[in-house]
Amino acid sequence: MTKKQATDENENENENPKTAGGDASNRIKDPSEWTTGDEPMTGAQASYLKTLSEEAKSPDAFEPDLDKAEASKRIDALRKEAGRG
């Protein structure tokens with residue numbers, strides 16, 4: 001790789017929003033703004049939410065028919081409650 005190619009590669013890397021540092025707000029959306037937020041929660045979300053609700057002794061926090069956005073919000077709340085986040 002030439003010195004110019006290495007310089008160009010580094011510049012492109014800095015422009016990539018996935019790898020560039022700084023404000024990450026453009027990568028983190030509120031779950032209520034997700035375009036797929038109204039789809040059923042994923043299996044991973046269901047499993048994690050079930051675990052967290054049991055650990056927090058809040059079994060009512062888990063509902064099997066939640067959508068992705070609501071499941072994410074409940075997971076965040078339970079993580080804070082459990083001191084995990």
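Leu66 counts as buried because its relative accessibility is just 8%; buried here means under 20% relative accessible area, exposed over 50% and partly exposed in between, with a 1.4 Å probe and protein chains only. Leu66 sits in the loop between helix 2 and helix 3. Helices (H or I, at least four residues) and strands (E, at least two) are DSSP runs, numbered from the N terminus.

A word on the ground rules. This is a predicted model, where local features need pLDDT of at least 70, side-chain atom pairs count only at pLDDT 80 or more, and totals for chains, interfaces and linings use all residues. Residues are numbered from 1 along each chain as its sequence is written, and side-chain values use heavy atoms, with hydrogens and water left out.

**The chain overall**

The chain has three helices and zero strands, so from the N terminus on you read α-α-α. Of its 85 residues, 20% count as buried. Take contacts (heavy atoms within 4.5 Å) between residues at least 6 apart in sequence: 55% of them join residues at least 24 apart.

As for pLDDT, the predictor's confidence in each residue from 0 to 100, the chain averages 78, with 66% of residues reaching 70 or more. Helix 1 (residues 3–15) has the lowest mean among the elements, 57, and helix 2 the highest, 94. Where pLDDT is low, the predicted coordinates should not be read in detail.

**The core and the helix pair**

Back to Leu66: not counting residues up to four places away in sequence, it touches Pro40, Met41, Leu49, Ala61, Ala71 and Arg74. Leu66 is also one of the ten residues of the largest nonpolar core, alongside Met41, Ala46, Leu49, Leu52, Ala56, Ala61, Ala71, Ile75 and Leu78. Such a core is a set of buried Ala, Val, Leu, Ile, Met, Phe, Trp, Tyr and Cys residues joined through side-chain atoms within 4.5 Å. Helix 2 (43–55) and helix 3 (68–81) each supply at least two of its residues. Core member Met41 has its own contacts beyond four places in sequence, including Phe62, Pro64, Leu66 and Lys68.

How do helix 2 and helix 3 pack, in angle and axis distance? The angle is about 35 degrees and the axes are 10 Å apart, with axes being lines fitted to C-alpha atoms over the stretch in contact and angles running from 0 to 180 degrees between N-to-C directions. On the helix 2 side the contact is made by Gln45, Tyr48, Leu49, Leu52 and Ser53, while helix 3 brings Lys68, Ala71, Ser72, Arg74, Ile75, Leu78 and Arg79.

**Some residues to click on**

Ser53 belongs to helix 2. Leaving aside neighbours within four places in sequence, Ser53 is in contact with Ser58, Pro59, Ala61, Phe62 and Leu78. Lys57, in the loop between helix 2 and helix 3, has a phi near 55 degrees, a positive value in a residue other than glycine. Most residues other than glycine have a negative phi. Ala82 lies in the segment after helix 3.

| Residue | Relative accessibility | Class |
|---|---|---|
| Ser53 | 2% | buried |
| Lys57 | 72% | exposed |
| Ala82 | 41% | partly exposed |

Two pairs come together across the sequence. Leu66 and Pro40 are 26 residues apart in sequence and 6.2 Å apart in space, C-alpha to C-alpha. For Ala82 and Glu55, the separation is 27 residues in sequence and 7.7 Å in space, again C-alpha to C-alpha.
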